[in-house]
Amino acid sequence: MELDTIDRRILTVVQRKGRISNADLSEAVNLSPSACHRRVQRLEKDGFIRDYVALLDARKMGVPTTVFVEITLRGQADAVLDAFEKAVARIPDVLECHLMAGTADYLLKVVAENTEDFARIHRQYLARLPGVAQMQSSFALRTVFKTTALPV
C-alpha cells in the first residue's frame with residue numbers, strides 16, 4: 001500500500017499522541033471523522049500502525065540507569081544465534097537487543113536501578129547467556145535526545 005500525504009499526517013500525529021481522540025485527530029489532519037477513522041483502521045490493518053503503548057518514565061519506575069552492552073559470540077552458527085536470542089529475550093531488564101554488523105555481534109539496551117543492580121543483572125543473567133565470548137558494558141551518563149517517533 002502506498003501512503004499519501006493524509007496518511008503521513010495521520011501517522012505523524014498518532015505516533016506522538018497515541019491517545020488522541022478520532023475527533024481531534026480528524027481535525028488535526030483536516031479530514032471528516034468518519035474518513036479519518038476508516039484511514040486509521042486501514043493503517044492498522046495494513047500494519048503501518050503496529051500497536052498503541054504508554055511510555056513510562058524510567059526514573060519514576062526506579063530504573064534510571066541505562067547500560068549498553070556489546071556482546072561478541074564464540075561463533076555465528078544458526079544454533080548459537082538462536083540459543084542466544086531466545087535466552088536474552090527472557091531477561092526482563094533488557095529493553096532492546098540488536099544483531100549488529102561490526103565488532104560486536106549484539107547490542108543490548110539494559111535498564112537498572114544503579115550500578116549495583118546492573119552488577120546483579122550481569123551476574124544473574126548476562127554472564128549466563130549461551131555462546132558469549134566477550135562482553136563490553138557502557139553506562140549512559142545522560143540522555144541527550146530520545147524519541148520513539150519514526151520519520152514519516
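A salt bridge is taken here as a side-chain nitrogen of Lys or Arg within 4 Å of a carboxyl oxygen of Asp or Glu. The structure is a predicted model, in which local features need pLDDT of at least 70 and side-chain atom pairs count only at pLDDT 80 or more, while totals for chains, interfaces and linings use all residues. Residues are numbered from 1 along each chain as its sequence is written, and side-chain values use heavy atoms, with hydrogens and water left out.

With that criterion, a search of the whole structure returns five salt bridges. One of them pairs Arg 42 with Asp 7, with 3.0 Å between the closest N and O atoms. This pair links distant parts of the chain, since Arg 42 belongs to helix α3 and Asp 7 to helix α1, 35 residues apart; helices (H or I, at least four residues) and strands (E, at least two) are DSSP runs, numbered from the N terminus. Accessibility is sorted into three classes: buried means under 20% relative accessible area, exposed over 50%, and partly exposed in between, with a 1.4 Å probe and protein chains only. On this scale Asp 7 is buried at 1% relative accessibility, whereas Arg 42 is partly exposed at 29%.

A further salt bridge is formed by Asp 4 and Arg 39, whose closest N and O atoms are 2.9 Å apart. Asp 4 sits in the segment before α1 (5–16) and Arg 39 in helix α3 (residues 33–45), so this pair ties together parts that are 35 residues apart in sequence. Here the acidic partner, Asp 4, is partly exposed at 31% relative accessibility, and Arg 39 is buried with a relative accessible area of 18%.

Helix α5 (residues 115–124) holds a salt bridge of its own: the side chains of Arg 120 and Asp 117 meet at 2.9 Å, N to O. Both residues lie in α5, three residues apart, about one turn of the helix. Arg 120 is partly exposed, with a relative accessible area of 30%, while Asp 117 counts as buried at 10%. Returning to the pairs of α1 and α3, salt bridges that share partners join Asp 4, Asp 7, Arg 39 and Arg 42 into one network.

The surroundings of α5 deserve a look as well. Asp 117, Phe 118 and Ile 121 are the buried residues in this helix. Seen down the axis of α5, they fall within an arc of 100 degrees (the arc of the directions from the helix axis to the C-beta atoms), so they line one face of the helix. Glu 116 and Arg 123, on the other side of α5, are exposed. The buried residues pack against three strands, β1 (65–73), β3 (106–112) and β4 (132–139), where contact means heavy atoms within 4.5 Å. At the start of the helix, a side-chain oxygen of Asn 114 comes to within 3.1 Å of the backbone nitrogen of Glu 116.

Aromatic rings were searched for too, with rings of Phe, Tyr and Trp (its six-membered ring) pairing if their centres lie within 6.5 Å; planes under 30 degrees apart count as stacked, over 60 as edge-to-face and the rest as tilted. The whole structure yields two aromatic pairs. One of these is the edge-to-face pair of Phe 118 and Phe 139, at 5.3 Å centre to centre and 80 degrees between the planes. Phe 118 lies in helix α5 and Phe 139 in strand β4, so the pair ties together parts that are 21 residues apart in sequence. Phe 118 is buried at 6% relative accessible area, and Phe 139 is partly exposed at 36%.

Phe 139 also appears among the contacts of Thr 66, which, leaving aside neighbours within four places in sequence, touches Lys 109, Val 110, Val 111, Ser 138, Phe 139 and Ala 140. Thr 66 lies in strand β1 and counts as buried at 16% relative accessibility.

Turning to strand pairing, two strands pair if DSSP finds at least two bridges between them. Strand β2 (residues 94–99) and β3 run antiparallel and are joined by five bridges. Val 94 stands opposite Val 110 in β3. In the hairpin of these strands, which has six residues between them, Gly 102 takes a positive phi near 135 degrees.

Finally, Lys 146 lies in the segment after β4 and is exposed at 62% relative accessibility. Its C-alpha atom is separated by 17 Å from that of Val 13, 133 residues apart along the chain.

Definitions and conventions. A polar contact is a pair of N or O atoms within 3.5 Å; within protein, one must be able to donate a hydrogen and the other to accept it, and residues adjacent in sequence count only if both atoms are side-chain atoms.
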